[in-house]
Amino acid sequence: MKFSILRQQAGSGLPVLSCLLSALALLLLAGALPWLSRTDPAAAVLRARYAELEPTAQALDAVRKQLGLDHGPLATSWRWWSGVLQGDLGTSWVSGAEIAPGLWRALSVSATLTAFATVVALLVAGALILPAALRVLRDRPQSGSGPLGVALTALPEFLLASFLLVLVAVQWQWLPPYGWSGIEHAILPSLALGIPAGGLLGRLLGDSIASVAAERWVDIWRLAGASGPVIFSGVLRRASAAIIDQLGLVFIGMLGGAVAVEQVFAVPGLGRYLLGSANAQDLPALQGGLLFLAAAALLIGLLAAAARRVLRGGPLPAGSLPAPPEARGNRRVQRWTAGLSCAALLAMLGAGLPRDPYAINYLRLQAPSLDLPFGADSSGRDLLARVAHGTLGTILPATLIVLCAVLIGLLLAGAGDISRGPSMIANATPPILAGVIIAALAGPSVGGAAVAVLWVTWPPLATHAASLLEEARAMPHIRWLPLAGLGREQIWFRHLLPAVLAPLLRHGLLRLPGVALALAALGFLGLGAQPPTPEWGLLLAEGIGYVERAPWTAVAPALCLVLVSVCAVAAAGMSSSQRPPKNSGYTGAGTTVASSNAPADTSAAPADGTVPSR
């Protein structure tokens, strides 16, 4: 008993230790960036400080001597860390100003924006789970979340921000278009950030509610005479415990990853601060921003872990969760959704692939017509041809990144809590900042952009996989499998992996449009695919400036991203099943096969909504 308590106490400190080590590794990488990059940091600082001076050898030597670059990365990092331990983050290499005041202002702006965006995300998620809640209250079969959450998740943040800017701020003049001087300036950026995040959370929570509502303890509560609101509160608490880590990751991602939205609305937040510091190779400012971001990620991660334990009523003991229920309802909605989406995409490909995506045969921004269904872009090229030819260049790399992220998530899930630290730190890194760092190390390329996007794609999947694996191990039939003579490898590949893989793949497919957009954003910045490549994200970036007078330049690629997302997730939901896998050791009723005398897990969940435990 004492050994078990000590082991639990040691395990509880693993996330903190892994997070600290991961943050230290990221800061050391950022500190060595000037010596690892292919560009001279002295030239970047000289260009930022004195744009009119020629980068002569004497001028560059003077900058290196002034900044102490001649002493190497270890001495430079040691000086910076010595100041940090004394509460001094140093001065900017570019402006010469103190770093701490500017960082606090940027962090306070980003924290305020993230708080507003989180409220929007929770409201959107609440609206998306409303049908599932009504089914629980009325005791009707669940069918999971619909395609609306997928469509909202597929909305590009920078396109949504541009649309809100043009429509609400410019045309209607309801809100200010840019700046940060009052609460009215936070509304449009919060909507642009919160709506896609709410779509993701609503989709995950809706699927979780559908799964939990089919568990046996819900039927037991109904037989015991529990009211609908009480049952729903228990289901919601049980379902929320499975996605609380995702909420924390979304919060961290919005805190430092809102670069595109901050650029559109000229919000002086932490994302713009980090991007500007990385581009100018302002090393002290970059390290200070990453330090603040790592500290925020650690705090949010600890709060999410504590909330997860509270929602679950403590750690999950073996056998505390009921066996997976049999599938309820039908897949008619998923089949129709997947079929219509795939048919629309195939029709677009069939009509667009024979066309030339590079030929300038039309007027600039020519409106759509029968001969030109998607209209023409700003150069007079056929948008239908460019969107169709951009399918492989957009979807194939994004799919490979998602599959790699799923594989990384599965590999790290077995490591337990120690993987949560790297997940929090990597998720806190803005994709554009990751692209800048990798481009500085290896040069701009499509492969480097893919690595940068993978850097920030695997953390949510790894966290989700760890939660799914924890719940799968807590099912009662897993406890009896060793008694039936099954080894660890057999339990993993025949029982745990099938229970984790299907929801993890659905989550990965849900992130497919975001991955494609991240690749496109890096290409637009010169770190990935280059014009005139017909890549969907580049098409979006090229069309943003013409949204007001030629909205089809952005609507066409955005609609294709939504169709791909809806089709992929609907197809994954149609192919998934909650039925137990073959030879899983239990029946649909929840009784174990490994031991015929083993008691079935028929305990009801307590009234406070915690999961049923033995």
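This is a short tour of a predicted model, going from the whole chain to two aromatic pairs and one helix packing.

**Whole protein**

Start with everything shown as a cartoon. The protein has 26 helices and 0 strands. Switch to a surface: about 26,600 Å² is exposed, and carbon and sulfur atoms supply 66% of that area. Of the 614 residues, 53% are buried. If you display contacts between residues at least 6 apart in sequence, 77% of them join residues at least 24 apart.

**First stop: W104 and F292**

A search of the whole structure finds 3 aromatic pairs. Select W104 and F292 and show their side chains. The ring centres are 4.9 Å apart and the planes stand at 65°, so this pair is edge-to-face; the cut-off for that class is over 60 degrees. Now colour the two helices involved. W104 belongs to helix 7, residues 99-128, and F292 to helix 16, residues 283-312, so the pair ties together parts that are 188 residues apart in sequence.

Which of the two partners is buried, and which is exposed? W104 is exposed, with a relative accessible area of 53%. F292 counts as buried, at 12% relative accessibility.

**Second stop: W217 and W221**

Next, select W217 and W221. These two tryptophans also form an edge-to-face aromatic pair, with 4.8 Å from centre to centre and 70° between the planes. Both sit in helix 12, residues 216-223; because they are 4 residues apart there, about one helical turn separates them. Check the surroundings of each side chain. W217 counts as buried at 1% relative accessibility, and W221 counts as buried at 5%.

**Third stop: helix 7 against helix 11**

Go back to helix 7 and add helix 11, residues 187-213. At what angle do these helices pack? The angle is about 40°, and the axes are 7 Å apart. Helix 7 is therefore oblique to helix 11. Turn the view until one helix lies in front of the other: helix 7 passes helix 11 in a right-handed crossing.

To see the contact itself, show side chains on both helices. On the helix 7 side, select L113, F116, A117, V120, A121, V124, A125 and L128. They meet a set of residues in helix 11 that includes P189, S190, L191, L193, G194 and I195. Continue along helix 11 to A197, G198, G199, L201 and G202, which also belong to this contact.

Note on methods
Residues are numbered from 1 along each chain as its sequence is written. This is a predicted model: local features need pLDDT of at least 70, side-chain atom pairs count only at pLDDT 80 or more; totals for chains, interfaces and linings use all residues. Side-chain values use heavy atoms; hydrogens and water are left out. Buried means under 20% relative accessible area, exposed over 50%, partly exposed in between (1.4 Å probe, protein chains only). Contact means heavy atoms within 4.5 Å. Accessible areas come from the Shrake-Rupley method with a 1.4 Å probe; for residues, only the protein chains shown count as cover. Rings of Phe, Tyr and Trp (its six-membered ring) pair if their centres lie within 6.5 Å; planes under 30 degrees apart count as stacked, over 60 as edge-to-face and the rest as tilted. Axes are lines fitted to C-alpha atoms, for helices over the stretch in contact, and angles run from 0 to 180 degrees between N-to-C directions. Angles under 35 degrees count as roughly parallel, over 145 as roughly antiparallel, 65 to 115 as roughly perpendicular and the rest as oblique. A crossing is left-handed if the near helix is turned anticlockwise from the far one by less than a right angle, and right-handed if clockwise.
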